[in-house]
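Welcome! Have a look at the model below, and then we can go through some questions about it together.

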Amino acid sequence: MDYKYSQIQEVASKLKDPELLKTKGRAILRSPELNGLFSHLKEMDANNRAEFGKEINNLKTELTEILDNMENESIQLDPIDVTAPIDKNVASDKHPRLLNSSHGSKHPLMTELDNILDIFYRMGFTALESRQVDDDFHMFESLNFPEDHPARDDYDTFMTTTGLIAPAHTSTMQNRVLVDGKKLLDEGSPIASVLPGRVFRNEDVDARHGHTFYQVEGIYVDKGINTGHLISTFKTFLEEYYSQEMELILQPFYFPFTEPSFEFVLSCPFCQKNGCNVCSYSGWIELGGCGMIHPNVLKMAGIDSDIYTGFAWGFGVDRLVMMKHGIEDIRHFMAGKLEFLRQFS
Amino acid sequence: MKVSLNWIKDFTAVDLSNEELIGRLSSQLGAVEGVEYLGNKYRDILIVRVVECTKHEDADKLNVCKIDDGGKVQDIERDDNGLIQVVCGAPNVRAEMLAVWIPPKATVPSSFDKEPFVLESRELRGKVSNGMLASPKELAFSESHEGLLDVDMRVQPGSSFSDVYKLDDCIIELENKMFTHRPDCFGILGIAREISGIQDQVFESPDWYHEVPNIPLPKNENLKINVDNQIQDLVPRFVAVSIENVNIMPSPTMVQSYLMRVGIRPINNIVDATNYMMILTGQPMHAYDYDKVKALCESDESTTLVIRKANKDEKLSLLSGKEIQLKHSDIVIATDTQAIGLAGIMGGSSTEVDENTKNIILECATFDMYKIRRSSMEHGIFSDAVTRFTKGQSPRQNMAITARAIKLMEDISGGIQSSSVVDDSHTNKDMVSITFNPDFVNQRLGTSLTKEDMSRILNNVEFIVDANSDELSVTPPFWRTDIEIKEDLVEEIGRLFGYFKLKRELPTRKISPAVKNIQLEINSSLRKSLSSAGANEMISSTFVHGDLLSKAKQDSKMCLQIANALSPDLQYYRLSLTPSLLDVVYSNIRSNQGVTEDNEFAIFEIGKSHNSLDLDDEKLPVEYRTMSFLFAADNKTAKRKYDGAAYYQSKKYLSHTIKENNLEVRLVPLGTMTEKIQDNTRLSQMIAPYEVNRSAAVLSLENNEVLGIVGEFKQSVIKTFKLPNFSAGFEIDLNLFNNKQNISKYVPLPKFPKINQDICLRVDYSMNYSTLFEFIWDELSQNKPKDTFFNLNLVDIFQKENDEGHKQITLRLIISAYDRTLTTDLVSDLLNQVANKANESLGAERV
């Protein structure tokens, strides 16, 4: 902490010396240097007096904290035998034991990810978790985002001081999956992968927007894959997920890494399009983006875009879970509150 | 972007109902964000003739008017001539004028969307006013409130205001994002063309919209101008022309109506004309005050616009009133002395068109979209021009737009062209045609469209199609900058054909099973085993505040650091998960107080940790997969339920997790491993919050690699996080579970009775339990009678009151044979033998 008044700053620098603190201990709080500061008060301009006094007190508090810390630091409890399953002299009714399983819970987002993966596994997709720190090549360049492209504006990315990126979409894994999947294509099998993971957006947080959320990306590449396949695959997934028939609309959109690109909008599974709280009484829910993989993205991964075509999609999981359980605030997910967590199985 | 359907209808017929159109737009052009029917706002509002206008006897500023509404309004007080009395305070009210009248019971349009204000007949200083005569502001046209809206069309009194100025309009708000690559769709013309295409109708651009239009010749050359483009690679086209004798005034009401409906505020006829052209074509324009520009030119020869990069230390005052410090990367329009505009973003205030302006220079330019974007971001200026310029307008439309603007200026300001049109152009490339086989498109859409179908679809939106061979050769129209490859045409055809018509089929594939991801499977199974043991899974942020790290005794210098976080809570990538768990203990203990009898919990998180030093094969930071666990009980609960150190409670959970996955690990005192851990960034940070005396390193059985830690926390950590004393946790590397055994070990069940016998050994207090246990186990294994099966369990660890140098460990042997009944004596002998060995080797004394 820095102090405004030079007299105080001087004493602070002197007294905060670790060696001095160690030798003097708490006596420092009664040292002449510290007490001497009060004598300056008399010479002070009346306007500054209160502030000066406050600074002396701040210094006292700071020193006390440092001393407390030093004492805590030096407290070491007795060693225990860490190789034993129990402590010494413990009655058998007080042995360590697991809590009742009825207290336990899995995080609802994780449960949902498992549910989603389960459906895609059954549909023949493999899975790979998305990275949490990546480079510009994977996040943008390999996805056909030229440098300075305005489409980059849509992603408020966190950057590290070393120029790495906290991915803003799970598409950051696309190039890797395509490169790895080339051998599958050579063997006559499709690339069929889902990529769940955490993604990040550097934006203000409120009940509906978090800086971190979960996405599931999907990729399918083979010979003869067309836009109808994309619609059908995703519709099949959604109908399995919601255990009901649904309508799916594709709205033309723009992403650099798909051509054509869409946003997909599904009929509200909670009100059958009659309008409800979940869909803001519109009967429709916008869920995510998708499209046919841009030939440049395939080429960047060494795949011949004249022979192979494919589709990709990405959607957020947080919103699905919030809709499913009626969770009102996205911030609950990461708050670590037992009151929240224990409501889920 | 707001689109006026009436404006659209100036260019194309719309056969669909509004509802159908909106549905088709969202599935064939892009998301519709909102629809507003303006007609409701202007219903009942009429154009009237002011027949008489006399001063109000009791009020200086008011006039009492008699108006003629053509007899349209029912149930209203009229004089003998059928005229209606309205009191009006506007300075420009006069007899014989046409004005807009809001009758009683009608809502004032400017209040329509907020708190609707419904007019009535009421007295103003003793004179009844039936409704009101309205200003542009009250009619939600502009901010102008100085006088009545000028009705500049010759219409019959009683005409509907809405009909005359096309206000019965449907305003459709389209999402901008989908037009990232479609600059043409930022103009009404572009949208009209798309709507025509969606309806399978041929669109024809208006006559004036040509790549090589008829360029008007100047009426005179009174205001010669030059353009000096010093950065031709960044400014591929710059068109300018001067116009003299403009008469600055409000635009014709119809022009104002057009602009107002799409959300542009009318300002004056010159500015409105440039905005009108921008909304129509997507191409921003700018008007400079010619005389102000000339005054800023040092050289007398001519007025020259210089296009260059900004100089160091150069400043510019913008139209918005803001002064900015220019950066070298900015493109500016300048005279030979100073910058007068930030290109493509905002004009400068020094050459602003104002009410005294007589002569102007019109600019219609094309700038490098990336440079404009960068400048806009750096200065934080986001104008309508920026939105459009950053999409990459076609430089081929500048002449057509300039020519049209010259005519518009003459029509609405009386100004005449007084220089030739200066065209500084550096775009000579022809539009490239794309050739493709119809199969290419059909394969990607799953359609069976014919060559003729595709040809028609593209023709509708003015692509030039040559379908004379088996293949189609397509040249995009000059305003399209987004058509580069065959796939772009797949999109165009698919969209205009209608994606909703595509055949929906699942891809076919071999039935080979998809391989499950082992790591994700591990996460799932850990989640299951811990939650079934009463623990709660939480997730927390990947990014943490520096304070959290220092509270947990970690070193932020090892972290990947976030450079641009909006919140200080998100400064660093976390080095391990334990601190995130420590961070929520206190609040949970507190909020649980008094809620249940037992205030205790077990929480865990499965996640990733990073540091800045460890790199993987891709030269990226290693993503360590890790799980952290923490058990805490408040003092009361701990005292009632547990004895001894909290460590053992955490260890219990670790053992449970390991066993559930059919794995084994070795625990050794952390102190014996500190040297090994010291140089390992990840482990040294992971163990930082743990107390060395009361923690164990978790080792792999295979190679003794350290995989994690289980233990209690440092006293200082307990204090700063306000943890209850009975707190302990663990954190382990999830790679541990990669070799998890899916098969449980099974031993055939013996048919003969088991014998249980205890052995109690007194050993040095410092001796590790595991040393003794493993010794006894090994001895038993070596010396057990043949064909027997045994197990060894801990019964108790006891320290006598006056014997603090020792402890007594009681173990229970359970043994049985597969082929016979064992005798007690045999087992006693075995234990005696083992006890003797323990005495010899470990100094253990049998009690």
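Q: What makes B:D825, B:N832 and B:E840 of α24(B) exposed rather than buried?
A: In this predicted model, a residue is called exposed if 12 or fewer other C-beta atoms lie within 10 Å of its own. B:D825, B:N832 and B:E840 are exposed, so each of them meets that cut-off.

Q: Which residues of α24(B) are buried?
A: They are B:V827, B:L830, B:L831, B:V834 and B:A838. Being buried takes 20 or more other C-beta atoms within 10 Å, so these five names pass that cut-off.

Q: How do you know that these buried residues are on the same side of α24(B)?
A: Around the axis they cover an arc of only 95°, and therefore they share one side of α24(B). The exposed B:D825, B:N832 and B:E840 are on the other side.

Q: What covers the buried residues of α24(B)?
A: The cover includes three elements of chain B: β35 (755-764), α23 (769-783) and β37 (806-817).

Q: How do you know that the length of helix α24 of chain B agrees with what a helix should span?
A: Its 19 residues (824-842) should span 27 Å at 1.5 Å a residue, and the end C-alpha atoms are 26 Å apart, so the two values agree. Just after α24(B) comes B:G843, with a positive phi of about 70°.

Q: How many residues does each chain bring to the contact between chain B and chain A?
A: Chain B brings 104 residues and chain A brings 98 residues. Helix α19 (residues 647-660) of chain B gives the largest share of the chain B side, seven residues.

Key. Residues numbered from 1 in each chain as written. Chains lettered and ligands numbered in written order. Predicted model: local features only at pLDDT ≥ 70, side-chain atom pairs only at ≥ 80, totals over all residues. Helix = DSSP H or I, 4+ residues; strand = E, 2+ residues; numbered from the N terminus. Expected span 1.5 Å × (residues − 1). Arc of directions from axis to C-beta. Contact = placed C-beta atoms within 7 Å.
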